[in-house]
Structures are given as C-alpha cells and as structure tokens.
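Me: Please take a close look at the cysteines in this model and say whether they are bonded or free, and why. After that, set them in context with the ligand site and the fold.

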Amino acid sequence: MDHALRGQKALVTGASSGIGEGIARALAAAGADVVVNYASNPEAAARIVDDLKAGGTQARAIHADVARESEVEAMLAELLGAWGRIDILVSNAGLQRDAAFTEMTLEQWNTVLGVNLTGMFLCARAAARAMIRQGVDPTLSRAAGKIICVSSVHEVIPWAGHVNYAASKGGVKLFMQSIAQELAPHRIRVNSIAPGAIQTAINRTAWETPEALKSLLTLIPYGRIGQPEDIGRTAVWLASDAADYVHGQTIFVDGGMTLYPGFARGG
Ligand code: BGC
C-alpha cells in the first residue's frame, strides 16, 4: 500500500468492529494517524489502537456516543487538542434495531435515527467547523478536509422490516449531497460509501448458516459476500488526492446488489 494519506489526521466513528475497524486499519496502512471512536467496547478499541501503533501510526481510542452532542464535541476537542487538525472524517457509526413496521417502537426508531443520521450530523458539523478553520495545507492534501459518510445500499433499496434503518440511510443520501453543496467553497470534499452485504456482526444471521448465505448470494450478482477491507480500500481512495475531483457522490461497493438481480432472468 502506498502512503497516500501520510501525515493526515483521521477520525473513524464506530471503529471498534466491523466496517469501521476495516476503514481505520486501511487509513492507517495508507499513512494516516487515526482516532478509533467507540461507543461500548473499550477493549476492542484498545486492541485496534495497539495494532495501529505497532504499524507505526499515531492512534488513540476515544469514547463517544455519536448521538450525543456533548460527547461528540468533547471527542473533537480531544482530537484537536492532541493533533491540531482533522483531515479526514469517516462517519461510520451505525446500527440496526429491526422490527415489523407495525411492531416498531418509538425507541427502536429513535435509536436508529439518532446514531445513523443525527450522529452523522453532529460529527460532520464538528469536523467541518475545524476543517474550515484550518484551511488547505498543500503539504498534506489538495482539500481542506474530506468527509466520508458510510451509508448503505439501503439509501436506494427499500427494506421491509427495517424501516427505521432504510429511512436513516435515505436521509444520509440527501444529507451528504446537501452538505457537499454547502462545503465545496471551503474545499471540503464530501462523499458517501454505500456498502452492500459486508460480513460483520450487524448481519450475522444473513451469512452464518450455509442456507442463509446461499439465499443472501441470490441478491449479489458478483457471487461473494463483501469484507471490511473492500470498504477500507474505497475509503482510502476517496480520502486521497487521487479522488480530488470526486465530490457529492455515493460510491456503491456492493458486488452489484443495486443492479436489481431479480431482473437477470425476468422482466
Ligand atoms: C445492512 C446489512 C445488510 C446489507 C445489505 C447493510 O446496510 O446493515 O444488515 O446485510 O445492508 O442488505
């Protein structure tokens, strides 16, 4: 891996497992220093930080529930106090609280919207304020900062039984595009990655038995489940100057899940 992100300071939310962990490891391998944000698993975050440090990266774990304004503000203050700037925000923290629509509780709705959408607002706002203040450092990057929202194929694919989740990701789509429009004059690049089925704890039931995996693969034309590294590599590219003219876009990394696979043999 080249060092496209050398010296840049990154924050990855929800980085103690799954896709967030994959992104944190990939950014560090590309030369970035990384804050591993976590909500509930300090041991896992500490293990990842140790690994990153062993690879020569400056890394630190910071606790914050991204749905809480004061915790997000404190996290950014700690990062900026230590490093003085933030070049890359990967707003990844997300969760599911699945239920049939007519059974869904307000708590399930609010929890998902709170982390997946409000959390993205709070983190992106705090990062954008710092990026505007710091401006472009041409020794680091052509942009003053890069914001990457981790969305989902469910920003376009409706998902029965997961209405709160799909609504949050549909929200991420126009959230991202709107702040991309607003932040461009400050040379802050904003994009989304929309993963398909990536093998992590969030969708364990979809891959843990051979039957479940077989059924899942009928939705993935490319014929394999994704891995966190697939998303990590995309995040490195989007954060790097190789993607300097990519702005306001959602990059689907889904093995073709958004290609309406049912139509391969029908219609
Ligand atoms: C969800 C996973 C699901 C995938 C594809 C993701 O956003 O979190 O549970 O497997 O979309 O449906």
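Reply: A search of the whole structure, which is a predicted model, finds 0 disulfides. A disulfide is a covalent bond between the sulfur atoms of two cysteines. The criterion applied here is a pair of cysteine sulfur atoms within 2.5 Å. For Cys123, the closest cysteine sulfur belongs to Cys149 and lies 10 Å away, so the distance is too great for a bond. The view from the other side agrees: Cys149 takes part in no disulfide, and its nearest cysteine sulfur, that of Cys123, is 10 Å off. As for exposure, Cys123 has a relative accessibility of 0% and therefore counts as buried. Cys149 is likewise at 0% relative accessibility and counts as buried; the cut-off for that class is under 20%.

Next, the ligand site. The residues around the ligand are Gln96, Ser152, His154, Trp159, Tyr165, Gly196, Ala197, Ile202, Asn203 and Met257. By residue class, this shell splits into 5 nonpolar and 5 polar residues, with no charged ones. The nonpolar count includes Tyr165, because Tyr is assigned to that class, although the side chain of Tyr165 also has an N or O atom 2.5 Å from an oxygen atom of the ligand. His154 places a polar side-chain atom 2.7 Å from a ligand oxygen. For Asn203, the corresponding distance from a polar side-chain atom to an oxygen atom of the ligand is 3.3 Å. The ligand taken alone exposes 310 Å², and the protein buries 90% of that area.

Finally, the chain as a whole. Its secondary structure amounts to 7 helices and 7 strands. Read from the N terminus, the elements follow the order β-α-β-α-β-α-β-α-β-α-β-α-α-β. The radius of gyration is 18 Å, close to the 18 Å that the globule rule gives for 267 residues, so the chain is as compact as a globular protein of that length. Along the principal axes, the C-alpha atoms fill a box of roughly 55 × 40 × 40 Å. Of the 267 residues, 51% count as buried, and Cys123 and Cys149 are among the residues in that class.

To return to the request: Cys123 is not bonded to Cys149, because their sulfur atoms are 10 Å apart, and the search of the whole structure finds 0 disulfides.

Definitions and conventions
Residues numbered from 1 in each chain as written. Predicted model: local features only at pLDDT ≥ 70, side-chain atom pairs only at ≥ 80, totals over all residues. Heavy atoms only, no water. Buried < 20%, exposed > 50% of the residue type's maximum accessible area, 1.4 Å probe, protein only. Near = heavy atom within 4 Å. Polar contact = N/O pair within 3.5 Å; in protein donor to acceptor, adjacent residues only side chain to side chain. Areas by Shrake-Rupley, 256 points an atom, 1.4 Å probe, with all protein chains shown as cover. Helix = DSSP H or I, 4+ residues; strand = E, 2+ residues; numbered from the N terminus. Rg over C-alpha atoms; globule rule 2.2 N^0.38 Å.
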